[in-house]
Every structure is written in C-alpha cells, then in structure tokens.
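Work through these exercises with the model open beside you. Try each task before you read its solution.

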Amino acid sequence: MSREQIRPLLAAAATIATLWSLSPLIDASSWWGPSLLVIAIVLGVGGALRHLHVPDLLVAPAQVLLGVVGLTAVFAGTEALWGLFAGPDAVRALARVLAAGADTIRRYPAPVPMGAGISLIVAGGVLLVAMLVDLLAVTLRAPAAAGIPLLALYAVPAAVLPTGLSWTYFALAASGWLVLLGHDASTRVLGWGRLLPLRGQSTKGIRRSVAGDTGALAATGRRLGMTAVACAIAVPALLPSLSQGWLATSGARGGAGPDPLTGLTVINPVLTLRDNLLPRRDLVVLRYRTSQLPLAPLRILTADTFDLDTWKPGMAEISRSQLASRGLPA
C-alpha cells in the first residue's frame, strides 16, 4: 500500500479517534453504528473516485450524497424509494426523527437518552466532519487545516458537559491528528528526491545516511508531538481558572452537584434558566402545606453575590442547624 493510499485511512482514523469524545454525551452506544457507516462511506467513495481519476471537485459532493443515501436507508428505509433514496415520504420520516432528536436535546441534560433522533443528528454531523477532514487532508493536502473540523467535533461535548471531558479523550483526538500531520510531513520530505552520493561514497552508505537523517527527524517530531499533548493536558490541570470546561480534572465541578464538604447541591440559576422555561413533563418533586397566603413560589437560592460580571449564589458557610438533613427550620 502506497503512502497516498494510507492518507485517507489516517484521516478516517483521526475522525474516529475524535468521535470517541462524544461517548459521555449520550447514554448508550448504539449511535456508533450509523456514525461508523458514514465514515466508511466517505472513505470508500473517496478511494473509489480517486482511483478512477474523477476530478477532485466532485469527490466531496459525492461523499455527502452517498452518505445521505446511507442515512436514509438506516432511518427511513421503509419509506424510501427502493429502500435507499429519499422521496417525499422518506423526507417526512427523516424530519420526524430529527424533530424527536431535537426535542430530546431540549428536554434532557447530558448524557441524553439514546434514540433514533439523537443517532441521526450525530451521524449527520459526523458525515460533514469526515467529509471535511478527507477534503482537507487528502484532496487539498492540508492536514493541519483538517484539525479545524476535528476540533469542532471535540468542542461539542467539551462545551456541553458540565465537568468537561477527561484528558484521555483529548489525548486520543490530538494523537490522531498528529499522526495524520506526521504522515504528511514525512511524505513531503521523501518527495524532495534522491540524494546523490559524494565522491567516494557508496550507494549503500548514502541509503544509511538518508535513513538515519529521516529517522532522526521523525523521532524529533514524535517527541515534540507528545510534549505538546502532555503540556495541553497538564497546564489546564495546574490553573484553577481552567478547572471547568474543555479539560476536566479530578476535582472539577460544573457549578452543580453535591459539595464534598457540606453535602449540599449548588444550582446555577443562569445555566438552568433555559431548561426551566422550556415545556417539560409535569413531575412532582415536593408536596407541602401552608396556611400563609398569598402563596409564593418556593425559593431555591438567592443570587446575592456580584463579581462585576454576573450575579451568583453566595458560598457562605451554612450552619449545621439549617441543613435539610437535620429537619427543615420552623
């Protein structure tokens, strides 16, 4: 297998490595099937069309078109023409599945429950990312730019999950991109041509010299790549201001969840306001009686601290006599 044939495989592998970061976002693993299907379609269609010397401008549209055909067969096969092509009935069926997925995203926090709508939304996004990575890394020979769609895919769970992502997801995604970048760099170096032997130097000697030089460059590149990934993981863990969001540390908390010292749950009203305003199912969480009228809504917290940017609940120490575990105060 030539180096040019390996390049699309590495692009697909980098996409799959980044795709793994979506695992904490969805409460199941059945979404992997359609997502891997569209990646395989992008890889297979791209390889076939390039083997047939089809113009590069037609490769990406063909990948997206056949990817849509594959998604139609999976999610609306019974309504599709010949089980593959999206006719009016299939389009309406896909619209219903997408609406169900959008409703699930609105109703539930991460990790969202698995459903056909979620699987279709994820697979559609992966199709676009895989196509862009293949276009940039293989067609345009710009693997560095291919990191942009990979970063966009990684940014979704990193931004949505309250406690961020584990460093292992970042390390795998970054490694996939660095391998793709290293393969392109080595291909460019080998494309410079053959070195001519100096006077008195044998051909075998120059082969050993070239192998040693390129091997040293490759080893340096690997060390620099691993160092960059290690620094990207270690620096956020050492900076308290970055303890939430893109990279999670062991003690990171997303503004919600029980405090390890008091056992209390702190609710951020700004983050939960949108969810509270959206239509939701009626769910009884508390019943109480009172003779005090007019009846006022129960207060969860008071945003009494202003940090020159936003109002948020104060973090003053709570007396043990006020803890719910000891009974509500009179």
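**Exercise 1: A charged residue and its partner**

At 3% relative accessibility, Asp134 counts as buried. The model is a predicted one.

Task: Find which side chain meets Asp134 in a salt bridge, and state which helices the pair ties together.

Solution.
- Step 1. Check the burial. The cut-off for buried is under 20% relative accessible area. Asp134 has 3%, so the residue counts as buried.
- Step 2. Find the partner. The side chain of Arg50 meets that of Asp134 in a salt bridge, at 2.5 Å from N to O.
- Step 3. Place both residues. Arg50 lies in helix 2 (residues 32-51) and Asp134 in helix 5, so the salt bridge ties together parts that are 84 residues apart in sequence.

**Exercise 2: The helices behind that pair**

Task: Decide how helix 2 runs relative to helix 5: roughly parallel or roughly antiparallel?

Solution.
- Step 1. Take the geometry. Helix 2 and helix 5 pack at an angle of about 30°, and their axes are 8 Å apart.
- Step 2. Apply the cut-off. Angles under 35 degrees count as roughly parallel. Helix 2 is therefore roughly parallel to helix 5.
- Step 3. Add the hand. Helix 2 and helix 5 cross in a right-handed way.

**Exercise 3: Helix 5 and helix 6**

Task: Do the same for helix 5 and helix 6, then inspect the loop between them.

Solution.
- Step 1. Take the geometry. Helix 5 covers residues 116-139 and helix 6 covers residues 147-160. Their packing angle is about 160°, with the axes 8 Å apart.
- Step 2. Apply the cut-off. Over 145 degrees counts as roughly antiparallel. Helix 5 is therefore roughly antiparallel to helix 6.
- Step 3. Add the hand. The crossing of helix 5 past helix 6 is left-handed.
- Step 4. Go to the loop. Arg141 lies between helix 5 and helix 6. Its phi is near 55°, a positive value in a residue other than glycine.
- Step 5. Judge the exposure. Arg141 has 36% relative accessibility and counts as partly exposed.

**Exercise 4: Another positive phi**

Most residues other than glycine have a negative phi.

Task: Look at His53. Where does this residue lie, and is it buried or exposed?

Solution.
- Step 1. Read the backbone. Phi of His53 is near 60°, which is positive, and the residue is not glycine.
- Step 2. Locate the residue. His53 sits in the loop between helix 2 and helix 3.
- Step 3. Judge the exposure. The cut-off for exposed is over 50%. His53 reaches 71% relative accessibility, so the residue counts as exposed.

**Exercise 5: Salt bridges within helix 4**

Task: How many salt bridges does the model hold, and which residues of helix 4 take part?

Solution.
- Step 1. Take the total. The count comes to three salt bridges. Arg50 with Asp134 is one of them.
- Step 2. Take a pair in helix 4 (residues 88-107). Asp89 bridges to Arg92, with the closest N and O atoms 2.4 Å apart. The two are three residues apart, about one helical turn.
- Step 3. Check the exposure of this pair. Asp89 is partly exposed at 42%. Arg92 is partly exposed at 47%.
- Step 4. Take the pair Asp103 and Arg106. Their closest N and O atoms are 3.5 Å apart. Both lie in helix 4, three residues apart, about one turn.
- Step 5. Check the exposure here too. Asp103 is partly exposed at 26%. Arg106 is partly exposed at 36%.

**Exercise 6: A nonpolar surface patch**

Task: Which residues form the nonpolar patch on the surface? Where does Tyr288 lie?

Solution.
- Step 1. List the members. They are Val285, Leu286, Tyr288, Leu293, Leu295 and Leu298.
- Step 2. Take the area. Together they have about 710 Å² of accessible area.
- Step 3. Place Tyr288. This residue lies in the loop between helix 9 (269-277) and strand 1 (305-306).
- Step 4. Judge its exposure. Tyr288 is partly exposed, at 42% relative accessible area.

**Exercise 7: The whole chain**

Task: How many helices and strands does the chain have, and what share of its residues is buried?

Solution.
- Step 1. Count the elements. The chain has nine helices and two strands.
- Step 2. Read the order. From the N terminus, the elements run α-α-α-α-α-α-α-α-α-β-β.
- Step 3. Take the buried share. Of the 330 residues in the chain, 30% are buried.

Note on methods
Residues are numbered from 1 along each chain as its sequence is written. This is a predicted model: local features need pLDDT of at least 70, side-chain atom pairs count only at pLDDT 80 or more; totals for chains, interfaces and linings use all residues. Side-chain values use heavy atoms; hydrogens and water are left out. Patches are made of residues with over 30% relative accessible area and no salt bridge: like charges are joined within 9 Å, nonpolar side chains (Val, Leu, Ile, Met, Phe, Trp, Tyr) within 5 Å. Accessible areas come from the Shrake-Rupley method with a 1.4 Å probe; for residues, only the protein chains shown count as cover. A salt bridge is a side-chain nitrogen of Lys or Arg within 4 Å of a carboxyl oxygen of Asp or Glu. Helices (H or I, at least four residues) and strands (E, at least two) are DSSP runs, numbered from the N terminus. Buried means under 20% relative accessible area, exposed over 50%, partly exposed in between (1.4 Å probe, protein chains only). Axes are lines fitted to C-alpha atoms, for helices over the stretch in contact, and angles run from 0 to 180 degrees between N-to-C directions. Angles under 35 degrees count as roughly parallel, over 145 as roughly antiparallel, 65 to 115 as roughly perpendicular and the rest as oblique. A crossing is left-handed if the near helix is turned anticlockwise from the far one by less than a right angle, and right-handed if clockwise.
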